[in-house]
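The exercises below are meant to be worked with the sequence and the 3D view side by side. Each one opens with a task and is followed by a solution in steps.

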Amino acid sequence: MADILRGGQFLVKETKCEDIFTPEDFSEEQIMMRDSVIEFVDKELWPNKERFEKKDYALTEEVMRKAGELGYLSVAVPAAYGGMEMGFINTVLVCDYISGATGSFSTAFGAHTGIGTMPITLYGTEEQKQKYVNLFIVFARIEDDKNITGFIVENDPSNGISLGDEEHKLGIRSSSTRQVFFNDTKVPVENMLAGRGEGFKIAMNALNVGRIKLAAACLEAQRRTISTAVNYANERVQFKTPISSFGAIQAKLAEMATSAYAGESATYRAAADIENRINIRVNEGNTHQEAELKGVEEFAIECSILKVAVSEDVQNCTDEGIQIFGGMGFSEDAPMESAWRDARIARIYEGTNEINRMLSVGMLVKKAMKGHVDLLGPAMAVAEELMGIPSFDVPDYTELFAEEKEMIAKLKKAFLMVSGAAVQKFGPDLDKHQQLLMAAADMLIEIYMAESTLLRTEKLAKKVGEANAQQQIAMAQLYLYHAVDTISQKGKEGIVSFAEGDEQRMMLMGLRRFTKYVNMPNVVALRDKIAAKLIAENKYCF
């Protein structure tokens, strides 16, 4: 049995590669599901990208119904209510691969399965779950209540419900976005979700699930963008040679692939942690409803981390895709322009990235206060270490990732040093220092993403041999290199914002110690190795 950590404990406890789930661990059933979804996208969505861009709302509804007939809209719904009742990994998997062709369909899919179906399956009464599909979930205050309440409201024009005009948006153009007006609308008391005043709880738990699913929804978009960019770079000839032979293009392709690989690694790691926590609660006697709510809530920190990291990676990926296409990339005749526009909403959905950055650190501190994650002990140990004399022995790094693992451990110390001192200085007023929180969040995000990528690759190398995982090893090392840079920069930013004099000098010295390589990786060589594989395969192939 894998050692299952609690949410946020990745920061203070070592995770073994054998204890995480990776895309290479997909079961035969999951591979069949993945291939089925890819076939659906290739047949129904990818050939119709132009129609989606022309605001063909009817097409969105049509393909949504086809997705429903194939069971893709009900993967997480219990069988008792007509669903497929699959595990959380499968829920994430379907969301991942169904979202790669167009943001319009991805948004419709996410809204239907997330804020539409999920609140009913998790909070609805037995009667509500047996009765309702495709409706409005409305949050409103009853009379002078302090807190909002959730309701199921049927779309019935005769009950005072009307819709505003379709909004014109930067991207996701065939996803319907309209204001809903209620004029003396009557809602039966039996349509209340959960209890009176519990609407905020419903919304927050829906957001937790939505955040990891949004990360998943950005993965296939990256894979397809990379494959399209590689294909174009191989075919586009400049100065009598394919542009894929140019180092500047190869660097872009390698970085795009590395970010996608890291996103996959972290998303499926968290998805499996959530599924394992759900199964533990079910075995302890919780209902599936209670187990899923608490299982996702346990890993809310990781969900926020993923939402930020992967939404920004997909934006960067599509931006570089345009750059590789050059002037053609700016044209609506090429697929990159619409991919870039569709990607932009991901940094706003499910709480903006700024909010999620502050939430991730805030939730971690709250978990520490409740005793769920021991931050104080490790933070004090780091403070004591700073007072000691560092070792000047040159370590012998013979095993795969020996130095990289040590670096991850040092990066965790850097975060604990900065966040521990910040909490000690500001206490409950920490949330008023938003720029400090944002810097700490970036450190936290990079630690989780880099460690997830490293663990996935170590597990793969043990399975297939290091010789057969050379490009994945290169991607893990390249991602870590960037993570170290980010943590060094954000650590400095945080430290100088609240520490002065000897304290500041001591912490900056510690930060240098915690972000120093013994053997600096050759970043150019790593990129070359990754790009060569992509160019040879003519697609994202990891």
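## Exercise 1: Enclosed spaces

In this predicted model, a search of the whole structure finds four cavities of 30 Å³ or more. Task: state which residues lie closest to the centre of the largest cavity, and which classes of residue make up its lining.

Solution. Begin with the space itself, which for the largest cavity comes to about 110 Å³. Next, turn to the 13 residues that line the largest cavity, of which Leu5, Phe10, Thr15, Arg269 and Asp273 are the closest to its centre. Finally, sort the lining by class, which gives six nonpolar, one polar and six charged residues.

## Exercise 2: The second largest cavity

Task: find which helix gives the most residues to the lining of the second largest cavity, and describe that lining by class.

Solution. The second largest cavity holds about 60 Å³ of space. Its lining is made up of Val361, Val418, Ser419, Ala422, Val423, Leu430, Leu436, Leu437 and Ala440. Two elements, helix H15 (402–426) and helix H16 (434–464), give two or more residues to this lining, and H15 gives the most, with four residues. By class, the lining of the second largest cavity has eight nonpolar residues and one polar residue, with no charged residues.

## Exercise 3: An open pocket

Task: work out which helices supply at least two residues each to the lining of the second largest pocket, and which one gives the most.

Solution. The second largest pocket has a volume of about 690 Å³, and 22 residues line it, with Asn208, Glu297, Ala300, Met363 and Lys370 lying nearest its centre. At least two lining residues come from each of helix H7 (199–217), H10, helix H11 (300–325) and helix H13 (353–370). Of the elements that contribute, H7 gives the most, with six residues. The last step is the count by class, where the lining of the second largest pocket has 11 charged, eight nonpolar and three polar residues.

## Exercise 4: Two helix residues

Task: decide whether Thr60 is buried or exposed, and find which side chain of opposite charge is nearest to Glu292.

Solution. Locate Thr60 in helix H3, which covers residues 57–69. Because its relative accessible area is 6%, Thr60 is buried, the cut-off for that word being under 20%. Leaving aside residues up to four places away in sequence, Thr60 touches Phe52, Ser104, Ala108 and Ser174.

Now move to Glu292, which sits in helix H10 (residues 288–298). Glu292 is buried yet has no salt bridge, and the nearest side chain of opposite charge, that of Lys213, is 7.9 Å away. A salt bridge would need a side-chain nitrogen of Lys or Arg within 4 Å of a carboxyl oxygen of Asp or Glu. With residues up to four places away in sequence again not counted, Glu292 touches Leu122 and Ile278.

## Exercise 5: Positive phi outside glycine

Task: for Glu143, find where the residue lies and whether it is buried or exposed, then do likewise for Phe401, giving its place and its burial.

Solution. Glu143 is not a glycine, although it has a positive phi of about 50°. Glu143 belongs to the loop between strand E1 (136–140) and strand E2 (149–153), and it is exposed because its relative accessible area is 69%. Phe401, likewise a residue other than glycine, has a positive phi near 65°. The loop that holds Phe401 runs between helix H14 (376–387) and H15, and Phe401 is buried because its relative accessible area is 2%.

Definitions and conventions
Residues numbered from 1 in each chain as written. Predicted model: local features only at pLDDT ≥ 70, side-chain atom pairs only at ≥ 80, totals over all residues. Heavy atoms only, no water. Buried < 20%, exposed > 50% of the residue type's maximum accessible area, 1.4 Å probe, protein only. Lys, Arg positive; Asp, Glu negative; His and termini not counted. Contact = heavy atoms within 4.5 Å. 1 Å grid on protein atoms, 1.4 Å probe; cavity = no way out; pocket = protein on both sides within 12 Å on 5 of 7 lines; lining within 4 Å. Points joined across faces, edges and corners; volume = space filled by probe spheres on them. Nonpolar A, V, L, I, M, F, W, Y, C, P; charged D, E, K, R; others polar.
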